[in-house]
Every structure is written in C-alpha cells, then in structure tokens.
Amino acid sequence: MLDFDTAQDRLAARGRAPATRETLPLDALYGRVLAEDIAAVVDLPPADNSAMDGYALRAADAAAPGAVLPVQQRCFAGQTPEPLLPGQAIRLFTGSVIPAGADTVVMQEDCREDEGRVTVLAPPAPGQHIRRRGEDMRTGQTVLTEGTRLDAGHLAVLAAQGHDKAAVFPRLTVGILTTGDELIPPGHPLPPAAIYNSNAPMLASLCRGLGTAAPTLRHARDDAEAIHRALAELNADCDLVLSVGGASVGEKDLVKPAIEALGGALDLWRVRMKPGKPVALAELNGRPVVCLPGNPVSAFAVFALLVSPLIRGLQGRRDVLPPVRRGILQTPRPVGGTRDDFLRVQAAQGAAGLPRLTPHTQQSSGALGSLAWAHGLARIPADARLKTGAEVDWMALSDWLS
Ligand SMILES: Nc1nc2c(c(=O)[nH]1)N[C@H]1C(S)=C(S)[C@@H](COP(=O)(O)OP(=O)(O)OC[C@H]3O[C@@H](n4cnc5c(N)ncnc54)[C@H](O)[C@@H]3O)O[C@H]1N2
Ligand code: MOO
C-alpha cells in the first residue's frame with residue numbers, strides 16, 4: 001500500500017500551472033488566481049497624514065500644560081495644508097495631510113477650541129498620531145505574489161495601488177463522472193435497491209469551493225460503452241476529470257478499462273488511509289484523470305486531502321498544501337487501525353491551549369451524515385491506538401476546502 005503522504009505529494013506534484021493567462025477588470029477578479037506579481041507603484045500613504053481628528057502643531061509649542069495656540073487653518077482630508085507658522089496649530093481630520101513644520105497631532109478630545117484659539121490640555125509626544133508616508137506600502141515593493149487566490153484583502157491592495165485590472169490564470173474546468181446502476185438523480189422516486197446520487201453535487205460543490213468553474217456533470221450506467229463515451233467527452237472538454245466509484249475490485253468496476261482503452265496511462269494506488277483506499281491517477285491526452293472511491297465519505301476525504309492540492313496546483317496557486325493543525329483528541333474508546341484513520345471531528349476551543357477534537361459517533365465510509373457536521377479530519381496514524389488526551393494532527397475543512 002502507498003502511504004498517505006507519498007500519495008498526497010504525487011498528486012500535488014502533478015498540479016502544474018496553466019500556460020495561459022487572461023487580464024480581467026477589478027470587479028471580475030474575486031476568487032481568481034493572480035498570474036503576475038504586483039509591485040507597489042505609489043507609496044501608501046502617499047504623504048504623512050493624520051490618524052485622528054484634532055490639531056497639527058509643533059510639540060515644543062505645547063510643552064507646557066494648557067498651552068493656547070491660534071488656529072491658522074482648517075484643513076480637511078483631500079485639501080493641501082499651508083505650512084504651519086511658529087506657535088500656531090492647524091485644525092485637521094483623519095486622513096488630512098500633515099502640514100510642513102508640524103511634528104505631532106493632538107486629538108480633539110485632548111483640546112478645547114474657542115474663538116479661533118485651541119487650548120492643548122496635556123503636552124503631546126512628538127510624532128504621535130501621524131501615519132508616515134510609505135509605512136504601509138513602499139513604491140517598488142512586491143505587495144501581491146503570482147499564485148495568490150484573490151480575496152477581499154488582496155482586492156483592497158490592488159485598488160489602493162490604483163489598479164483596475166490584473167492578469168489571472170484561466171478558471172480550471174472540471175468534469176465529474178459518476179457511475180453506477182443503483183444511482184438515481186434527486187427529485188425522482190426511489191426504486192427498490194437504488195440510492196440517490198449524492199457524490200455528484202458534493203464533488204461539484206467541493207470544486208466550486210476551491211474556485212473552479214461550475215463542473216460539467218455526467219452520469220454513466222455500469223456499461224463499458226457508456227462509461228467510455230462519457231469519459232472521452234469530459235476529457236476532451238475539461239482540464240481535469242474526476243471519476244467516482246467503479247474503480248475498485250468489483251466485477252462492474254469499468255472505469256479503469258475505459259481509461260486504458262482511450263490510451264490513458266493509469267497509476268493505480270491503494271492508499272493507506274481510511275476512509276479512501278482505492279485511488280487512481282491517470283494521464284489521458286495530456287490531462288489528469290483522478291478516480292475516487294465511490295463511498296461518499298471516502299470520496300469527500302480523498303478530495304479534501306489528496307485532490308485539493310492537485311486542483312490548487314492546476315489553478316496556478318502557490319500554496320497547494322494548507323496548514324495541518326494540532327488538537328487534543330476526546331474519545332470514549334481508543335481509536336486507530338491498520339491504515340491512517342481520518343476521523344470526522346468537531347473542534348471546540350478549550351479555555352487555553354489546543355482545541356479539543358471530538359469524533360462523530362458514526363465513522364463508517366458510507367455514513368455521510370457526519371459530513372454536514374464535521375469541522376475537520378483528525379489523523380490517527382496507522383497502527384496507533386490513541387486515547388483521550390492524545391495530541392494529533394487535524395486538517396480543518398475551512399483550510400483544505402478553499
Ligand atoms: N472485496 C473488496 N471490496 C471492497 C474493497 C476491497 O478492497 N475489497 N474496498 C472497499 C473500499 S475501502 C471502498 S472505498 C469501496 C470503493 O469502491 P468503488 O470505488 O469501486 O465504488 P463503488 O463500488 O462503485 O461504490 C461504493 C459505494 O459507494 C456508493 N456510491 C458510488 N457512487 C455514488 C454516488 N455518486 N452517490 C452516492 N453513493 C455512491 C455505492 O452505491 C456503493 O455503496 O469498495 C469497498 N469494497
Ligand atoms: O477506504 Mo473505503 O474508502 O474504507 O470506504
């Protein structure tokens with residue numbers, strides 16, 4: 001069996017960035033992956049400015065408690081101040097440019113203004129409440145790096161630098177192939193021995209959460225011809241194909257032969273993880289195909305832990321492996337098996353220290369109720385028997401599914 005970390009590394013390594021890029025306007029960039037480094041073209045702030053509503057003055061002119069200074073000018077944000085005359089103060093507001101000659105700002109709560117004169121109640125410290133030119137970003141400095149998935153903070157940086165567009169990688173297109181005669185689309189009556197197809201919407205949502213285009217979904221019956229046709233279509237139209245089910249050892253596991261019949265090279269693994277043992281990575285016409293186990297929880301776990309790094313790489317993202325956190329296991333009985341066990345857990349912050357991780361009571365690979373409940377997957381290493389209080393690695397779904 002292939003150990004989990006090797007499988008993860010192999011899939012991550014296959015995630016090569018797209019060769020093409022496109023330039024999009026600011027309002028279309030949210031969630032997209034930056035395809036260029038962005039350097040600051042202006043200092044931020046562009047000039048020393050005030051962090052408070054108050055008065056700009058020379059600290060030395062207000063060194064004595066209760067100093068009274070004439071108010072030379074009222075200068076609002078966006079206006080250019082006069083140079084400050086000796087022994088005077090300029091009324092200003094948050095964001096107002098600091099007048100030449102001023103070396104401090106006194107907030108208005110520490111002053112009293114009356115008939116054009118301001119009384120400074122307490123002597124100010126030189127330099128206080130001044131935001132210095134370039135203290136946030138300096139011209140020439142790299143402020144965003146190629147391979148960043150753009151969220152609100154990144155868009156704020158782009159806009160603050162005056163950019164109304166940026167180059168991004170094309171959105172990854174994904175095809176999802178579900179197989180199985182027992183599967184019925186939701187919304188139809190359920191015949192005996194059938195179940196609803198839950199993997200298709202689950203995997204499509206998982207892809208979208210990572211920022212791919214809305215996936216193309218195909219379902220094929222357990223029929224060699226149908227699977228062959230669906231796979232060929234998805235492979236022709238999509239950057240990545242995920243097939244689910246029919247890749248194990250059963251007599252109707254028809255996906256692998258279909259990949260090979262289409263000329264694909266198949267690397268088949270039995271990964272030492274639970275849920276999620278049978279996984280295959282294939283290369284078909286220069287594009288990857290990943291076969292996931294059919295059990296819904298196995299498909300979910302394999303997607304989160306093994307496929308998401310591949311997708312991030314194919315999207316052109318720089319950080320493909322999210323952080324692994326630490327937590328304290330809470331379990332009524334010892335846990336662990338012969339494969340690395342990834343338990344669905346909820347995390348609760350203790351009074352201090354690491355979060356407490358409580359596994360769902362139902363950990364079967366087919367029991368998907370826990371997926372709507374879990375905060376993450378706690379890793380119990382193969383051949384370990386861990387009790388309450390053991391410190392373990394865990395992968396937060398918020399990290400691994402974004
Ligand atoms: N003799 C053996 N049997 C099994 C082994 C094994 O090593 N030897 N491995 C088990 C493990 S572990 C897993 S995981 C599954 C993987 O099987 P497949 O990937 O071939 O998947 P299927 O057999 O097609 O389906 C498994 C299970 O999942 C349900 N399923 C499939 N697709 C969907 C879907 N789209 N929506 C909802 N549910 C789905 C399917 O009905 C089956 O119940 O094999 C074990 N067996
Ligand atoms: O490993 Mo399977 O994925 O146990 O259900």
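**His129 and Asn285**

I looked up His129 first and found it in the loop between strand S9 (117-120) and strand S10 (130-131). The model is a predicted one, and I read the angles below with that in mind. Phi of His129 is near 60°, a positive value in a residue other than glycine. I then checked its surroundings: His129 has 19 C-beta neighbours inside 10 Å and so counts as partly exposed, since buried would take 20 or more.

I noted a positive phi at Asn285 as well, about 55°, although Asn285 is not a glycine. Asn285 sits in the loop between S20 and strand S21 (287-292). I counted 11 other C-beta atoms within 10 Å of Asn285, which makes it exposed.

**Cis peptide bonds**

I went through the prolines next. The peptide bond from Leu44 to Pro45 is cis, with omega near -10°. I placed Pro45 in the loop between strand S2 (38-39) and strand S3 (49-50).

The bond from Lys274 to Pro275 is also cis, and its omega is near 0°. Pro275 belongs to the loop between strand S19 (273-274) and strand S20 (278-284).

**Ligand 2**

I listed what surrounds ligand 2: Lys274, Pro275, Gly276, Lys277, Pro293, Asn295, Ser298 and Ser365. Both residues of the cis bond from Lys274 to Pro275 are in that list. I sorted the shell by character and got two nonpolar, four polar and two charged residues.

**Arg272 and Asp164**

I found Arg272 in the loop between strand S18 (265-270) and S19. Is Arg272 buried or exposed? It is buried, because 21 other C-beta atoms lie within 10 Å and 20 are enough. Setting aside its neighbours within four places in sequence, I recorded contacts of Arg272 with Met1, Leu2, Asp3, Phe4, Arg339, Asp340 and Ala382. I also took the C-alpha distance from Arg272 to Asp341, which is 8.7 Å across a sequence separation of 69 residues.

I looked at Asp164 too, in the loop between helix H2 (152-160) and strand S12 (165-168). Asp164 has 10 C-beta neighbours inside 10 Å and therefore counts as exposed. With neighbours within four places in sequence left out, its contacts are Pro25 and Leu26. Asp164 and Gly246 are 82 residues apart in sequence, and their C-alpha atoms are 47 Å apart.

**Helix H3**

I checked the length of helix H3 (residues 199-210). At 1.5 Å a residue its twelve residues should span 16 Å, and the end C-alpha atoms are 17 Å apart, which agrees.

I then asked which residues of H3 are buried. They are Asn199, Ala200, Leu203, Leu206, Cys207 and Leu210. These residues cover an arc of only 135° around the axis, which puts them on the same side of H3. The spacing follows a general rule: an α-helix has 3.6 residues a turn, so residues three or four places apart point the same way.

What do the buried residues of H3 pack against? I noted strand S13 (174-179), strand S16 (216-220), strand S17 (240-244) and helix H6 (296-315). Gly211 follows H3, and its phi is positive, near 100°.

**Domains**

Last, I looked up the domain assignment, which gives domain 1 (4-19 + 171-315), domain 2 (22-39 + 142-168), domain 3 (49-131) and domain 4 (325-397). I took one distance between domains: the C-alpha centres of domain 2 and domain 3 lie 38 Å apart.

Conventions. Residues are numbered from 1 along each chain as its sequence is written. Chains are lettered from A and ligands numbered from 1 in the order in which they are written. This is a predicted model: local features need pLDDT of at least 70, side-chain atom pairs count only at pLDDT 80 or more; totals for chains, interfaces and linings use all residues. Helices (H or I, at least four residues) and strands (E, at least two) are DSSP runs, numbered from the N terminus. The expected span of a helix is 1.5 Å times one less than its number of residues. A residue is buried if 20 or more other C-beta atoms lie within 10 Å of its own, exposed if 12 or fewer, and partly exposed in between; C-beta atoms are placed from the backbone. The arc is that of the directions from the helix axis to the C-beta atoms. Two residues are in contact if their C-beta atoms, placed from the backbone, lie within 7 Å. A residue is near a molecule or strand if its C-beta atom, placed from the backbone, lies within 6 Å of it. Ala, Val, Leu, Ile, Met, Phe, Trp, Tyr, Cys and Pro count as nonpolar, Asp, Glu, Lys and Arg as charged, and the others, Gly among them, as polar. Domain bounds come from an automatic or database domain assignment.
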